[in-house]
Amino acid sequence: MNPQRAQWGSRLAFILAAAGSAIGLGNLWKFPYVTGINGGGAFVLVYLICILFVGVPVLLAELYIGQQSQTNTVNAFEVMHKKRTLWQLPGWMGIISAFLILSFYSVVGGWILDFTYHSVLGTFSGAPENAKTALNSLFQDPLRQTLWHFLFMFSACAIVIGGIKEGLEKWNKILMPTLLILLLALLVKSFFLNGFSQAIDFLFEPNFSMLTSESILEAVGHSFFTLSLGMGAIITYGSYLSKKEDLVKVSFALALLDTLIALVAGLVIFSIVFSFDLEPASGPGLIFATLPTLFSQMPGGYFLSLAFFILVGFAALTSAVSILEVQISYLTDKHKISRKKLTAITAAITFLTGLLSVFSTNIMSDIKIFDLTFFDLFDKLTSNYLLPIGGLIISLFFGWVLGPKATKHICGKSRLAHLGLLWITRIIAPFAILLVIYNLTIGF
Ligand code: PHE
């Protein structure tokens, strides 16, 4: 344990930083596109159920483990268990997940930077088809993607080197609420598009014939990805949290905000898809092909487009910082090398690995492993397997090892809540995750 460990300036600062980790490309880029690929409503329903019954309990477990142990994600399990055991496994897996996720996350962050640059140039003003052209030429250009990917990773690295307080708190307070306001403004605009009601049907009318075992796993995986769960990001952030904090309130607020942002982004994007006859299942390029189309039709579109991509870029950066922080907080607690050096080395290695994702849309698009490009492989391996399995072990550790003492501490006087949390983390959440993975990989 480390009594000198820095703590969050205030509760609000923590919530904003945790929200900064949770809210990112997962909500704005990934949620709409995986929903599109998986057919809409039924996928969204499974995703919402996962958030409530798996996401929130695992979120509570991670916050508690971080808050009580006050240390990095690998040591946290040792401190809580008072000995070294295999329960540390999710800590180790988390370091690997963090590394793989950041490698492709930074590439997509780079796409956002490219579209910010296009917004400055005014590429999207008045001509809806320009977005598609810009996206295609970006995907075909490895050098351009590499430069943006470098810039994104460099920024994340610089913020992490700056230290946790100065680096994050200042910006989070202003930019996260601004993003929410901008999204709500776009929602109002979408309401007047003729594709709005179709978007509502698409997102909220479940068509269960579209639900395959793969899309169920995708929904489980995405609920982990979007809440930053299963790899210790929240354990790491929780470790900077004061021991007095009410975790239940924090968790529900976080899950609600994260889900709200994803749903609003989804509604806006699918309203555009159905109004302009675009393809809902068009994959990772969806947000880039749709939103500029809307901006090009709006008065003040030039500024809206610019503001939007800057804010999304910032949201992505705060998430990337939390992913990098998982690795750095472990490495600095363990090694005597300076935080600066460790961060620079980790970022450099992650950047190089990210090149495999850069090349997945161009020169290496034919190289497939399990029928997936490197980009898709890293995404699916982490979201659909490593994070849920990490979450499963964290849930079991919390439910069986820490047990009633932890759930009583979290839930206070409410017996129902404490028993509910105890049995969800002991049986329900782990069993559900196992079932879904088993069903897809081995089958019934
Ligand atoms: N939750 C982040 C997002 O939605 C991504 C993330 C995943 C961050 C895992 C930390 C850990 O964009």
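At what angle do helix H4 and helix H5 pack, and how far apart are their axes? In this predicted model, helix H4 spans residues 73-81 and helix H5 spans residues 89-121, and the two pack at an angle of about 175°. Their axes lie 7 Å apart. Because angles over 145 degrees count as roughly antiparallel, H4 is roughly antiparallel to H5. On the H4 side, the contact is made by Thr73, Val74 and Phe77, while H5 contributes Pro90, Gly91, Trp92 and Ile95. Sorted by class, this contact has 5 nonpolar residues and 2 polar ones, with no charged residues.

Attention now turns to the ligand. It is surrounded by 14 residues, of which Ala22, Gly26, Tyr105, Phe225 and Ser228 are the closest. Helpfully for anyone inspecting the site, three polar pairs can be described atom by atom. A backbone N or O atom of Leu25 sits 3.1 Å from a ligand oxygen atom. A polar backbone atom of Phe225 is 2.7 Å from a nitrogen atom of the ligand, and a polar side-chain atom of Ser228 lies 3.0 Å from a ligand nitrogen atom. Taken alone, the ligand exposes 320 Å², and the protein buries 100% of that area.

Conventions
Residues are numbered from 1 along each chain as its sequence is written. This is a predicted model: local features need pLDDT of at least 70, side-chain atom pairs count only at pLDDT 80 or more; totals for chains, interfaces and linings use all residues. Side-chain values use heavy atoms; hydrogens and water are left out. Axes are lines fitted to C-alpha atoms, for helices over the stretch in contact, and angles run from 0 to 180 degrees between N-to-C directions. Helices (H or I, at least four residues) and strands (E, at least two) are DSSP runs, numbered from the N terminus. Angles under 35 degrees count as roughly parallel, over 145 as roughly antiparallel, 65 to 115 as roughly perpendicular and the rest as oblique. Contact means heavy atoms within 4.5 Å. Ala, Val, Leu, Ile, Met, Phe, Trp, Tyr, Cys and Pro count as nonpolar, Asp, Glu, Lys and Arg as charged, and the others, Gly among them, as polar. A residue is near a molecule or strand if one of its heavy atoms lies within 4 Å of it. A polar contact is a pair of N or O atoms within 3.5 Å; within protein, one must be able to donate a hydrogen and the other to accept it, and residues adjacent in sequence count only if both atoms are side-chain atoms. Accessible areas come from the Shrake-Rupley method with a 1.4 Å probe; for residues, only the protein chains shown count as cover.
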